[in-house]
Amino acid sequence: MFQVLRLSAATQELPKSIICNVHGVNPKFLKVGEKIAAEKEQGNQAFSKGAYFLGKMVWAKGYRELIDLFAKHKNDLEGFKLDIYGSGEDSQEVQYAARKLDLNLNFFKGRDHADDSLHGYKVFVNPSVSDVLCTATAEALAMGKFVICADHPSNEFFRAFPNCLTYKTSEDFVARVKEAMNNEPQPLTSEQRYNLSWEAATQRFMQYSELDKVLNNEETISCKASGPKVNKSISMPILSEAVDGGLAFAHYCFTGNEILRLSTGAIPGTRDYSKQHCMDLHQLPPQVQNPVYGW
């Protein structure tokens, strides 16, 4: 007996499958959120910037939807500026389309989402509907920001967070933008922070895959010779912050297989940074980040 776990309803429906988000965020994003919450408690201004979008600059990452929304409601969004951070093979086409329509979009080279320069933004706008479960959305929520995203199966998990503002129509999008810009995000509760962590993701995995039955000693092994039942003795260590980071690293390693990534709905060719992307992000070149070993 096996169970197929699907990250979201955006994936293909399979027999014996169940939807469960078993993905967490890196602990550093939760630390940013805690820092921002502490600044608010002290009466300091936590956010000094407006809205931004971050993602590899390919049309499939939501850039087409973003440009269409801004073009359709150019007058309604007058005065609203959006900073976009991204690099990719469609960069020139995306920026040309925005300039041609004279949209209030400012483009910058791609950078890591944990970069200090992004902490001051209050609103993360993500119109993409091509992701199975957007990591950047989870990271933005963990940092205590508003997130404006489409009412789409890939975003179902995030709807439980009060700072997640979803929209169904382009008119809803404008309303959510104004709502976010005129208000302050709610500080995450301890339960909400936990639900975004890798520890919680691991617990959900054990629960929905029924491994929790084993770890809680709910299954028994029958000894046919003597008759008595012997409980399985498996202890579950406390997941410390170090283990939480280790789980994030393990997930990165397991998803390094391109075939597995494509089978879960990933966009082809988005696993590794290209040479140009590495230059933009000031990272090591691809052959150093992804070496080919000969043994």
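This report describes the overall make-up of a protein chain, one of its helices and several of its salt bridges.

The model is a predicted one. The protein chain has twelve helices and ten strands, and of its 295 residues, 40% count as buried. Among contacts with a separation of 6 or more, 61% join residues that are 24 or more positions apart. About 16,800 Å² of the chain is exposed, and carbon and sulfur atoms supply 53% of that area.

Helix α5 takes in the twelve residues 170-181, which at 1.5 Å a residue should span 16 Å, and this agrees with the 17 Å between its end C-alpha atoms. Within α5, the residues S170, F173, V174, V177 and A180 are buried. They cover an arc of only 130 degrees around the axis, so they lie on the same side of α5. The cover over these buried residues includes α2, β6, β7 and β8.

The structure holds eight salt bridges, three of which are set out here.

| Pair | Closest N to O distance |
|---|---|
| K56 and E89 | 3.9 Å |
| K122 and E184 | 3.9 Å |
| R176 and E179 | 3.8 Å |

K56 lies in the loop between β3 and α2, and E89 in the loop between β4 and α3, so their salt bridge ties together parts that are 33 residues apart in sequence. K56 counts as buried at 17% relative accessibility, whereas E89 is exposed at 58%. K122, in strand β6, and E184, in the loop between α5 and α6, are 62 residues apart; K122 counts as buried, at 8% relative accessibility. By contrast, R176 and E179 are three residues apart in α5, which means that about one helical turn separates them. In addition, D151, R159 and K168 are linked in a network of salt bridges.

How values were computed
Residues numbered from 1 in each chain as written. Predicted model: local features only at pLDDT ≥ 70, side-chain atom pairs only at ≥ 80, totals over all residues. Heavy atoms only, no water. Helix = DSSP H or I, 4+ residues; strand = E, 2+ residues; numbered from the N terminus. Expected span 1.5 Å × (residues − 1). Buried < 20%, exposed > 50% of the residue type's maximum accessible area, 1.4 Å probe, protein only. Arc of directions from axis to C-beta. Contact = heavy atoms within 4.5 Å. Areas by Shrake-Rupley, 256 points an atom, 1.4 Å probe, with all protein chains shown as cover. Salt bridge = Lys/Arg side-chain N within 4 Å of Asp/Glu carboxyl O.
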